[in-house]
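Please examine the structure shown below together with its sequence. The explanation after it leads through selected features in turn.

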Amino acid sequence: MTALDGVALVTGASRGLGAAIAEVLAAAGHVVAVNYASSADRAEAVVARITAAGGRAAAFRADVTSEPDVQRLVAEVEARLGPVTVLVVNATGAQPTTPVHELGWDDVTPMLDYFVRSPVLLTSAVVPSMTAAGAGRIVHVGSDVVDRAPEGNAAYVAAKSAQLGLARVGARELGPRGITVNTVQPGWVPVERHADVPQADLDRHAATVPVGRTGTPAEVAASVVHLASVEAAYVNGAVLTVNGGSTVA
Ligand SMILES: NC(=O)c1ccc[n+]([C@@H]2O[C@H](COP(=O)([O-])OP(=O)(O)OC[C@H]3O[C@@H](n4cnc5c(N)ncnc54)[C@H](O)[C@@H]3O)[C@@H](O)[C@H]2O)c1
């Protein structure tokens with residue numbers, strides 16, 4: 001797998017799937033910008049692991065739901081590391097569950113901020129460099145909830161579905177510039193924020209997955225690395241579901 005020239009920017013990369021994606025991209029030869037909102041120590045630890053493994057990375061603080069922060073983030077990454085040619089839209093805040101008939105608009109807007117506002121801001125900030133480079137890769141981290149519609153998750157599912165729409169139109173519009181836009185759609189992949197989930201719940205979920213287990217962050221990251229590669233130039237507007245076959249129709 002060949003890395004594009006330039007920098008891979010991963011949002012929300014101080015922990016969870018984002019940290020794994022940053023590390024696996026770096027191992028595949030990408031220079032990586034590790035974005036974080038507030039956990040500088042964790043982000044620097046991700047950078048330290050990448051550097052110790054022989055890769056190149058730096059950490060950048062920014063709230064990716066804020067327009068001024070996104071513009072400053074991309075300017076700082078480009079000044080310090082080089083043009084952004086790979087964008088991984090990954091950051092998320094908390095995902096509270098609420099029955100659909102009890103949802104207030106204030107429950108929905110945080111989800112739209114993460115999964116619509118942020119990718120819109122990020123896309124417009126990175127497309128100029130990708131266009132100048134004649135190649136770019138935008139990889140959205142979506143979710144298989146768009147196909148499963150789990151109870152209590154209407155705001156999250158609605159926002160993730162909107163993100164998918166954004167990615168699909170992006171693929172059509174940006175393809176002529178050599179920029180591909182694809183979505184990796186994980187199923188439930190336990191990360192740090194799931195530390196308190198009882199083992200019985202994990203086992204119950206694993207029993208519903210055709211491959212008989214939950215996935216790992218590294219397995220999600222491997223799919224992102226594929227879509228970010230030079231070799232994936234003809235994969236555009238695709239959804240790569242990484243959930244052990246849970247949503248096979
Ligand atoms: N883990 C799963 O089971 C799973 C399943 C399907 C989809 N996803 C998706 O994968 C992505 C990552 O999820 P995760 O499980 O790793 O979550 P996580 O909570 O472990 O990581 C999210 C990261 O985003 C950062 N962040 C939060 N607000 C931010 C902001 N405003 N600006 C910049 N960074 C910010 C957090 O600090 C954290 O590092 C999300 O888009 C999520 O919807 C996760």
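The paragraphs that follow treat the pockets, then one helix, then one glycine in a loop.

The model is a predicted one, and every value given here was computed from it. Its largest pocket encloses about 1100 Å³ of space. The lining of this pocket is made up of 44 residues, and those closest to the pocket centre are Thr92, Gln95, Val191, Arg193 and His194. Several secondary-structure elements take part: helix H1 (16–27), strand E2 (31–36), helix H5 (145–148), helix H6 (154–174) and helix H7 (199–208) each contribute at least two lining residues. Of the lining of the largest pocket, H7 provides the largest share, with four residues. Sorted by class, the lining of the largest pocket holds 19 polar, 15 nonpolar and 10 charged residues.

The second largest pocket has a volume of about 220 Å³. Its lining comprises 18 residues, of which Val209, Gly215, Val242, Asn243 and Gly244 are the closest to the centre. By class, the lining of the second largest pocket consists of nine polar, five nonpolar and four charged residues.

Attention now turns to helix H2. This helix covers residues 40–52, 13 residues in total, and extends 18 Å from its first C-alpha to its last, close to the 18 Å expected at 1.5 Å a residue. Ala43, Val46, Val47 and Ile50 are the buried residues to consider in H2. Viewed down the axis of H2, the buried residues fall within an arc of 95°, and they therefore line one face of the helix. Asp41 and Ala52, on the other side of H2, are exposed. What do the buried residues of H2 pack against? Their partners are H1, E2 and strand E3 (56–61). H1 and E2 thus appear in two settings, since each also supplies at least two residues to the lining of the largest pocket. After H2 comes Gly54, which has a positive phi, near 95°.

The final feature is Gly12, which lies in the loop between strand E1 (7–10) and H1. Is Gly12 buried or partly exposed? Gly12 has a relative accessible area of 23%, and it is therefore classed as partly exposed, given that the term buried is reserved for values under 20%. Leaving aside neighbours within four places in sequence, Gly12 makes contact with Gly18, Asn35, Asn90 and Ala91. Val100, by contrast, is 88 residues from Gly12 in sequence and 27 Å from Gly12 in space, C-alpha to C-alpha.

Technical notes: Residues numbered from 1 in each chain as written. Predicted model: local features only at pLDDT ≥ 70, side-chain atom pairs only at ≥ 80, totals over all residues. Heavy atoms only, no water. 1 Å grid on protein atoms, 1.4 Å probe; cavity = no way out; pocket = protein on both sides within 12 Å on 5 of 7 lines; lining within 4 Å. Points joined across faces, edges and corners; volume = space filled by probe spheres on them. Nonpolar A, V, L, I, M, F, W, Y, C, P; charged D, E, K, R; others polar. Expected span 1.5 Å × (residues − 1). Buried < 20%, exposed > 50% of the residue type's maximum accessible area, 1.4 Å probe, protein only. Arc of directions from axis to C-beta. Contact = heavy atoms within 4.5 Å.
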